[in-house]
Amino acid sequence: MLIENNQIILKKFLRKNITNEYLSWLNNPDNTKYSRLKNQKIKKNAAVNYFNDIEEKKNLFFMIFLKKLNMKIGTVTVIRKKKKVGNIGILVGNNDYHNLGISTKVIKLLVGYLKVEKKFNFLEIGTNLAHKAMIKVAYKCKFQLHNKNKKYIYFRKRII
């Protein structure tokens, strides 16, 4: 499966993508400081189990490539939370590409694809309240505030 625009390519994540580079992204404190997994060391076995779980449940998992350089820089998932609600998780693993608008571009590309595919009625983005950059991304992608508690904020967007 391939989803692309003039800057970004989303390719189906494959088991062979679980490389040392990918594991380094998952274990980089800069990448996980707002994650629920921030204090865990992710080993290959755990990454394979996560991949297998996504495959088994028919969720979506993509590797993010910069088209111009054909370089992988991160991942994005859409996990089915309810029958027609998908939760987006994004990781720009290559720190050289943080704060460049990549997450916004990826989410807009993904939303466009999912509108056509009609796999979900709603998409959600949840993040730690301290993760100001992700909150900006949610608003830039026209997600609406859905819920908030002491630690997390959740956004939702109707796509069909």
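Let me begin with one residue, K12, which counts as partly exposed because its relative accessibility is 34%, where partly exposed is the class between buried, under 20% relative accessible area, and exposed, over 50%, judged with a 1.4 Å probe and protein chains only. The accessible areas themselves come from the Shrake-Rupley method with a 1.4 Å probe, and for residues only the protein chains shown count as cover.

Before I go on, please keep in mind that this is a predicted model, in which local features need pLDDT of at least 70 and side-chain atom pairs count only at pLDDT 80 or more, while totals for chains, interfaces and linings use all residues. Residues are numbered from 1 along each chain as its sequence is written, and side-chain values use heavy atoms, with hydrogens and water left out.

What does K12 pair with? K12 forms a salt bridge with E55, and the closest N and O atoms are 2.7 Å apart; a salt bridge here is a side-chain nitrogen of Lys or Arg within 4 Å of a carboxyl oxygen of Asp or Glu. This pair links distant parts of the chain, since K12 is in strand β2 and E55 is in helix α3, 43 residues apart. Helices (H or I, at least four residues) and strands (E, at least two) are DSSP runs, numbered from the N terminus. E55, like its partner, is partly exposed, because its relative accessibility is 34%.

In general, side chains of opposite charge can pair when their charged atoms come close, and this structure holds five salt bridges. Another of them joins E4 to K67, again with the closest N and O atoms 2.7 Å apart, and it too spans distant parts of the chain, with E4 in strand β1 (residues 2-4) and K67 in the loop between β3 and β4, 63 residues apart. E4 counts as partly exposed because its relative accessibility is 38%, and K67 counts as partly exposed because its value is 33%.

Now take the salt bridge between E124 and R156, whose closest N and O atoms are 2.6 Å apart, and which connects strand β6, where E124 sits, with strand β8, where R156 sits, 32 residues apart. Are E124 and R156 buried or exposed? Both of these residues are buried.

Let me turn to the nonpolar core, meaning a set of buried Ala, Val, Leu, Ile, Met, Phe, Trp, Tyr and Cys residues joined through side-chain atoms within 4.5 Å. The largest such core has 33 residues, and L10, I88, I107, L110, L114, L123 and F143 touch the most other members. Among the elements that give two or more residues to this core are β2 (8-12), β3 (60-66), β6 (122-128) and β8 (152-158), while α4 gives the most, with eight residues.

Finally, there are two residues whose backbone angles deserve a look. Most residues other than glycine have a negative phi, and most peptide bonds are trans. K58, however, has a positive phi of about 60° although it is not a glycine, and K58 is found in the loop between α3 and β3, where it counts as exposed because its relative accessible area is 68%. N99, also a residue other than glycine, has a positive phi near 60°; N99 lies in the loop between β5 and α4 and is exposed, with a relative accessible area of 74%.
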